[in-house]
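Subject: Handover of a two-chain model

Dear colleague,

I am handing over the structure below, and after it I set out what was found. Please read the notes with the structure open beside you.

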Amino acid sequence: MEPQVLKQRFAAMMAGVAVAAAVVAGSFFVLPPQATHDEAVDYGYVYSGAKSSSVDFIKANLRENSLLVLGSSEFSTPARTVPQIPAQTFGTNDYGIHTMLVGEAFDQCLWDAMALGALADGGLPHNKVAVIVGLGQFTDGGLDNSSFGERFSYTLYQGFCANEQVPAVLKAYVRERLSQQGIDETTIRSGMPKNPLELIDGMVLGAMDDLKLRQGLREVRAKGITMLDGSAVAPDWGALREEALLTAQTMSTTNDWGTEDEFYTTQLAPALDGLKDARKEETYTNTPEYEDLDCFLSVCDACGIQPLVVIQPSLGPYYDHIGISRDTRWSAYQHIRDVVATHPNARLADFSDREYEKYFLFDIVHFGWTGWIDAEHALYDFAQDGGSYGAQ
Amino acid sequence: MARNKKKTLRDRFDEWLSAHPKAACAIIGSSVALTLVGIFLFVTFSGFGSSAEFIYNQF
């Protein structure tokens, strides 16, 4: 091929690269910045991975009376199943509190530690955070790398690393745990770059995550609810609980455990026979989750944030059936309590003694009708006065 | 005696590109751009947007 032709074709290739670069750059202008939001809309109850990973969006939507609540799949419970979820209780009544629910299924204490480190940089409203934990996240073997990888957020990790209040020892712990969970070394190192190459890695990964979040937040903005900001009244917890009990009695009619009818008939009942003693080897001891919880609470301490740890129980009769004894579960709950007790500033809302209370859960692991009311009562008291409800 | 080798599709395409230099440049440029944009879109946006779903049998 003649040199002239080669030159022409090389120039064409470079032009293609330039066009692609322009398209990539253009996408930053087409998708609005993460913090873009409507002040009249409350996005705190939207269940979304993009929302939960966007530091800018969450911080832009935290108000003076907001309480940041970290959790996982319990936030996905729909109002048609449990009308007592926070989106209904706090979202449609002006009780003078907004809860910013952050987290999705498989977000556990390591994810929470990174999220808090990123979000607490610069402080939180009243410097408080609540976190919901349950035995499901303390199972032997810990969270599998695939699930962790799907929910890993580079933006949260970068924000966590950038928070100067978080001591080096906690950052080193998180980096080590990320490595164990299968996050690649390039990603881990770029969070705290030590040379220009790692700096560039961080910029590229950060920009790509920024675009992902910009894209995902478009859906979140469409799901917000109208902000209530009138004259706040105190909730009548007794009345709310009575109403919850009545609702539960209409939605759980097919089983003695108090689980929701559709869940029981489609998920639980067909599987019960095959699950008899299926989990009798479970110990809830062979997991890094307790250390991760300790790390989360240490990040709280370092950032001057007071945490409320809400222990969500499991469905006692079901776990008896699958062979995880009450003693085993009790030991795990005690282990959680012991970790919390090493952080004097932390408060505890411990519902582990409700495992056998009908209607407290709507399935095997998630708050149900009365469960959500009691959990919300704990969140409300914590936000109002520091957490007398179930406090240590 | 060697027989005339039959032209392959690639030979014909190369001949066509040589005969149409402007079209060749357009094809090369747009191919590069589309490939890079495609990789970018796949890496950045694939598998994202839907919320993580809880799986009951995990517990």
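In what order do the strands of the open sheet of chain A follow one another, and is their pairing parallel or antiparallel? Before the answer, please keep in mind that this is a predicted model, for which the scores are ipTM 0.74 and pTM 0.89. The open sheet has five strands in the order β3-β2-β4-β6-β7 of chain A, and the pairing is parallel. Its edge strands are β3 (98-102) and β7 (347-350) of chain A, each of which pairs on one side only, and from one strand to the next the twist averages 25°.

Strand β4 of chain A, residues 128-134, is a good place to begin, and it is mostly covered, with seven of its seven residues buried. The covering applies to both faces of β4(A): Lys128(A), Ala130(A), Ile132(A) and Gly134(A) are buried on one side, and Val129(A), Val131(A) and Val133(A) are buried on the other.

On one flank, β4(A) pairs in the parallel sense with strand β2 (residues 66-70) of chain A over three bridges, and here Ala130(A) is the bridge partner of Val69(A). Strand β6 of chain A, residues 306-312, also runs parallel to β4(A), and seven bridges join the two. Within that pairing, Ala130(A) has Leu308(A) as its bridge partner in β6(A), Val131(A) stands opposite Val309(A), and Ile132(A) stands opposite Val310(A). Ala130(A) can thus be followed from Val69(A) to Leu308(A) when you trace the bridges.

What about β6(A) itself? Six of its seven residues are buried, so β6(A) is largely enclosed by the rest of the structure. Its pairing with β7(A) is again in the parallel sense, over four bridges, and Val310(A), which stands opposite Ile132(A) in β4(A), also stands opposite Ala349(A) in β7(A).

Helix α5 of chain A, residues 109-119, lies across β2, β3 and β4 of chain A, and runs at about 155° to β2(A).

Turning to the two chains together, 23 residues of chain B are in contact with 32 residues of chain A. The side of chain B that touches chain A has, by class, 16 nonpolar, six polar and one charged residues. One helix pair in this region can be described in detail: helix α10 (residues 196-221) of chain A packs with helix α2 (residues 21-45) of chain B at an angle of about 70°, their axes being 9 Å apart. Since angles from 65 to 115 degrees count as roughly perpendicular, α10(A) and α2(B) are therefore roughly perpendicular to each other. From α10(A), Met208(A), Leu211(A), Lys212(A) and Gln215(A) meet Val43(B), Thr44(B) and Phe45(B) of α2(B), a contact that by class has four nonpolar, two polar and one charged residues.

A word of care on confidence: the mean pLDDT of chain B is 80, and 71% of its residues reach 70 or more. Where pLDDT is low, the predicted coordinates should not be read in detail.

With best regards

Conventions. Residues are numbered from 1 along each chain as its sequence is written. Chains are lettered from A and ligands numbered from 1 in the order in which they are written. This is a predicted model: local features need pLDDT of at least 70, side-chain atom pairs count only at pLDDT 80 or more; totals for chains, interfaces and linings use all residues. Two residues are in contact if their C-beta atoms, placed from the backbone, lie within 7 Å. Ala, Val, Leu, Ile, Met, Phe, Trp, Tyr, Cys and Pro count as nonpolar, Asp, Glu, Lys and Arg as charged, and the others, Gly among them, as polar. pLDDT is the predictor's confidence in each residue, from 0 to 100. A residue is buried if 20 or more other C-beta atoms lie within 10 Å of its own, exposed if 12 or fewer, and partly exposed in between; C-beta atoms are placed from the backbone. Two strands pair if DSSP finds at least two bridges between them. Axes are lines fitted to C-alpha atoms, for helices over the stretch in contact, and angles run from 0 to 180 degrees between N-to-C directions. Angles under 35 degrees count as roughly parallel, over 145 as roughly antiparallel, 65 to 115 as roughly perpendicular and the rest as oblique.
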